[in-house]
Amino acid sequence: MPSDPGADPGAAPLPTAARDEASRRLLTAEILAVGTEITAGETRDTNSAEIARWLTDEGVTVVRMTALPDRFDQVRAGFAAALERADLVVSTGGLGPTPDDLTREAIAACWGERPAVDPALERWLRGLWARRGVPFPEMNVKQAWLIPSATALSNDHGTAPGWWVDRPDGRIAVALPGPPREMRPMWSERVVGRLRERGLGRATVVRTYRLAGIGESQVADMLGEELLRIPNPEVATYARADAVDVRISAVAEEDDDGRPGRSAEELVDETEARVLAELGPYVWGRGTETWADAIGRRLGHLGWTLATSETNTGGTLVTLLGAARWLRLAESIALDVDAATDETALRASARSVRERGRSDVGLAVVVGAAGRDTAVHVAVAGPGGVHVEEHLAFLGGQQGRSRAALLAAAVLLARLRSEAQDEDLATPR
């Protein structure tokens with residue numbers, strides 16, 4: 001649906017006037033999610049998080065994410081304020097054909113321009129309905145609107161073209177459709193390349209370490225307030241469902257005259273050494289690595305396979321590990337047991353599941369109530385014998401069972417690491 005038939009608007013060059021003003025590097029961004037279904041809580045806004053993560057990885061600082069209802073004054077004000085604060089504004093939603101889809105009108109008002117029907121876009125839209133032999137709703141002509149500052153972004157998965165809009169001061173607004181199945185391909189195929197050509201973000205180095213056996217408040221206390229308040233490199237902690245993450249990110253230093261200082265890599269290396277000196281023993285993974293990834297990597301190095309038996313966990317362990325070729329047998333049992341599980345029976349269970357699964361390692365987990373918390377009993381049977389540990393997981397019920405699976409995974413991984421000292425996760429790379 002190019003504005004010039006046969007051309008791809010997603011790859012079209014910027015107009016000459018825009019190119020002359022395009023010296024602003026896109027270092028900051030705001031994201032607007034437009035739709036009353038979001039502000040009313042009927043729909044979750046996953047688009048903003050995905051776009052923010054991508055921009056952050058590209059070295060762009062996302063300064064604000066805002067949800068706006070389908071009300072013209074609020075959408076217009078949202079765009080106007082964002083374009084005063086940020087170099088790049090990305091919106092999702094509000095590009096449909098109905099009167100309450102107001103993103104185009106709001107952008108046009110901010111620019112002081114009047115939308116008009118683009119003939120090529122209109123032909124493309126009418127062709128979609130003609131191809132299916134369905135009468136064209138005239139209301140949809142609205143989706144063929146453009147303003148002079150905008151170029152259309154092709155939508156191969158819906159009827160709502162996006163907009164790429166240039167401001168004279170070099171700021172950019174990108175309007176994307178709301179449905180993720182339309183937003184994602186438009187973003188990756190039509191927008192990303194143009195943003196990079198335009199000058200996007202700063203060169204950024206990011207390393208993330210994943211921790212177990214320690215809470216976020218303990219991590220923050222060990223790192224100290226001074227380290228956590230340094231803006232570059234930035235050290236941040238995040239409490240995830242499966243780990244506590246510590247993220248170190250940095251951009252290269254420059255003095256007031258633009259002369260380069262230490263590189264981003266050097267800054268991260270220095271800070272990483274400080275972080276791992278405090279937290280190295282708790283680290284089990286890097287980046288987006290999952291427990292299944294970490295355990296699978298260790299098993300792969302050893303050339304081993306695993307079988308598991310979990311009792312009263314509700315299957316939380318196998319859910320954590322997922323489907324993997326190295327997991328030969330996974331059983332979940334519901335029994336009437338208390339917190340004082342017999343160690344002899346636990347050892348026998350680990351050996352039994354190892355034999356029945358014809359695996360190199362057998363892991364048995366039994367949980368029981370311990371007041372308001374959950375007692376967790378773990379046995380790992382391998383070629384060198386059986387190792388047993390007991391732990392207390394915070395809280396009971398489903399939360400306790402989920403934490404029991406994490407504890408079992410941590411015990412297993414520690415045993416595998418003791419068998420295969422091929423690489424130390426606490427060693428910087």
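**Entry 1: two helices that pass each other**

I began with helices α3 and α7, and I noted that their crossing is right-handed. Next I looked up which residues make the contact: α3 brings N47, E50, I51, W54 and L55, while α7 brings P180, M183, R184, W187, V192, L195 and R196. I sorted these residues by type and got eight nonpolar, one polar and three charged. I should jot down here that I'm working with a predicted model.

Then I went for the geometry. Two packed helices get described by the angle between their axes and the distance between those axes. For α3 (residues 47-57) and α7 (residues 180-198), the axes come within 12 Å and cross at roughly 25 degrees. Angles under 35 degrees count as roughly parallel, so α3 and α7 are roughly parallel to each other.

**Entry 2: another helix pair**

I did the same with α4 and α5. Their axes come within 9 Å, and the crossing angle is roughly 50 degrees. That angle makes α4 oblique to α5. The handedness of the crossing of α4 and α5 is right-handed.

Which residues of α4 and α5 make the contact? On the α4 side I listed F72, V75, R76, F79, A80 and L83. On the α5 side I listed T103, E105, A106, I107, A109, C110 and W111. By type, the contact of α4 with α5 splits into ten nonpolar, one polar and two charged residues.

**Entry 3: staying with α5**

Is α5 mostly covered or mostly uncovered? I found that α5, residues 103-111, is mostly covered, with seven of its nine residues buried. The buried ones are T103, R104, E105, A106, I107, A108 and W111. So I don't forget the charged names in there: R104 and E105 are both on the buried list.

What covers the buried residues of α5? The cover includes helix α4 (72-85), my partner from Entry 2, and also a set of strands: β1 (28-34), β3 (88-92), β5 (145-146), β7 (162-166) and β8 (172-176). Right after α5 comes G112, and its phi is positive, near 70 degrees.

**Entry 4: odd spots in the backbone**

I went through the loops for unusual backbone angles. The peptide bond from N232 to P233 turned out to be cis, with omega near 5 degrees. I placed P233 in the loop between α9 (225-229) and β10 (234-239).

N312 isn't a glycine, yet its phi is positive, about 65 degrees. I found N312 in the loop between β13 (306-311) and α12 (316-321).

L395 is another non-glycine residue with a positive phi, near 75 degrees. L395 sits in the loop that runs between β17 (385-393) and α14 (397-419). Is L395 buried, exposed or partly exposed? Its relative accessibility is 27%. Buried means under 20% and exposed means over 50%, so L395 counts as partly exposed.

**Entry 5: stepping back to the whole protein**

I finished with the overall numbers. The protein has 14 helices and 17 strands. Of its 429 residues, 48% count as buried. The protein exposes about 20,500 Å², and carbon and sulfur atoms supply 49% of that.

Last, I checked how far apart in sequence the touching residues are. Taking the contacts between residues at least 6 apart in sequence, 66% join residues at least 24 apart.

Terms used. Residues numbered from 1 in each chain as written. Predicted model: local features only at pLDDT ≥ 70, side-chain atom pairs only at ≥ 80, totals over all residues. Heavy atoms only, no water. Helix = DSSP H or I, 4+ residues; strand = E, 2+ residues; numbered from the N terminus. Buried < 20%, exposed > 50% of the residue type's maximum accessible area, 1.4 Å probe, protein only. Contact = heavy atoms within 4.5 Å. Areas by Shrake-Rupley, 256 points an atom, 1.4 Å probe, with all protein chains shown as cover. Axes fitted to C-alpha atoms, helices over the stretch in contact; angles between N-to-C directions. Parallel < 35°, antiparallel > 145°, perpendicular 65-115°, else oblique. Left-handed = near helix turned anticlockwise from the far one by under 90°.
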